[in-house]
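Student: I would like to learn how to read a structural model step by step, beginning with how its parts are arranged. Could we go through one together?

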Amino acid sequence: MSTRELLRATHARLEQAACVVRRVIGVPDYDRYVAHVRTHHPDEKPMPRDEFMQQRLMDRYSRPGNRCC
């Protein structure tokens, strides 16, 4: 394996690990959302990042029992 391939493979693994950590701590993944919209809803325009984050935050705190206090 060349150095370039090794770096590419390491980068991919780090991206996967970061994605898992974001899911575990509850940080919404905007890039994944955009990829989903483009794949499954090609006629729709994805929300801007700020709007997406605001909506996910509202969804998270609007569900009773989802907060610690």
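**Reading the helix arrangement**

Tutor: Helices H2 and H3 are roughly perpendicular to each other, and please keep in mind throughout that this is a predicted model.

Student: At what angle do the axes of H2 and H3 cross?

Tutor: The general idea is to compare the crossing angle with a set of ranges, where 65 to 115 degrees counts as roughly perpendicular. Here the axis of helix H2, residues 30-40, and that of helix H3, residues 49-62, cross at roughly 105 degrees and come within 11 Å, and the pair is therefore described as roughly perpendicular.

Student: Which residues of H2 meet which residues of H3?

Tutor: On the H2 side the contact involves Tyr 30, Asp 31 and Tyr 33, and on the H3 side these meet Arg 49, Phe 52 and Arg 56. Sorted by class, the contact of H2 with H3 consists of three nonpolar and three charged residues, with no polar ones.

Student: How many helices and how many strands does the protein have, if I step back from this one pair?

Tutor: There are three helices and zero strands, and reading along the sequence gives the pattern α-α-α.

Student: How should I read the charged residues, and how many salt bridges does the structure hold?

Tutor: Side chains of opposite charge can pair when their charged atoms come close. In this model there are two salt bridges. One of them joins Asp 31 to Arg 49, with the closest N and O atoms 3.6 Å apart. That pair links distant parts of the chain, since Asp 31 belongs to helix H2 and Arg 49 to helix H3, 18 residues apart. The other joins Asp 29 to Arg 22, where the closest N and O atoms are 3.8 Å apart.

Student: Are the partners in these salt bridges buried or exposed?

Tutor: The usual approach is to read relative accessible area against cut-offs, with under 20% counting as buried and over 50% as exposed. Asp 29, at 18%, is therefore buried, whereas its partner Arg 22, at 27%, is partly exposed. In the bridge between the helices, Asp 31 is exposed with a relative accessible area of 54%, while Arg 49 is partly exposed with 42%.

Student: What share of the residues of the protein counts as buried?

Tutor: Of the 69 residues, 13% count as buried. 

Student: What radius of gyration does the protein have, and what would a compact globule of 69 residues have?

Tutor: The general idea is to set the value for the chain beside the one expected for a globule with that number of residues. The protein has a radius of gyration of 16 Å, whereas a compact globule of 69 residues would have one near 11 Å. The box filled by the C-alpha atoms, taken along the principal axes, is roughly 50 × 35 × 20 Å.

Student: How many ångströms separate the C-alpha atoms of Ser 2 and Ile 25?

Tutor: A useful habit is to read separation along the chain and separation in space side by side. Ser 2 sits in the segment before helix H1, which spans 3-25, and is partly exposed at 36% relative accessible area. Its C-alpha atom is 35 Å from that of Ile 25, with the two residues 23 apart along the chain.

Student: Where is His 41 placed, and where is Lys 45 found?

Tutor: His 41 is in the loop between H2 and H3, and Lys 45 is found in the loop between H2 and H3 as well. His 41 is partly exposed, with a relative accessible area of 30%, and Lys 45 is exposed, with 77%. From C-alpha to C-alpha, His 41 and Thr 3 are 38 Å apart in space and 38 residues apart in sequence, while Lys 45 and Val 34 are 8.9 Å apart in space and eleven residues apart in sequence.

Student: In which helix does Asp 50 lie, and is Asp 50 buried or exposed?

Tutor: Asp 50 is part of helix H3 and, at 65% relative accessibility, counts as exposed. Its C-alpha atom lies 17 Å from that of His 36, the two residues being 14 apart along the chain.

Technical notes
Residues are numbered from 1 along each chain as its sequence is written. This is a predicted model: local features need pLDDT of at least 70, side-chain atom pairs count only at pLDDT 80 or more; totals for chains, interfaces and linings use all residues. Side-chain values use heavy atoms; hydrogens and water are left out. Axes are lines fitted to C-alpha atoms, for helices over the stretch in contact, and angles run from 0 to 180 degrees between N-to-C directions. Helices (H or I, at least four residues) and strands (E, at least two) are DSSP runs, numbered from the N terminus. Angles under 35 degrees count as roughly parallel, over 145 as roughly antiparallel, 65 to 115 as roughly perpendicular and the rest as oblique. Contact means heavy atoms within 4.5 Å. Ala, Val, Leu, Ile, Met, Phe, Trp, Tyr, Cys and Pro count as nonpolar, Asp, Glu, Lys and Arg as charged, and the others, Gly among them, as polar. A salt bridge is a side-chain nitrogen of Lys or Arg within 4 Å of a carboxyl oxygen of Asp or Glu. Buried means under 20% relative accessible area, exposed over 50%, partly exposed in between (1.4 Å probe, protein chains only). The radius of gyration is taken over C-alpha atoms; the globule rule is 2.2 Å times the number of residues to the power 0.38.
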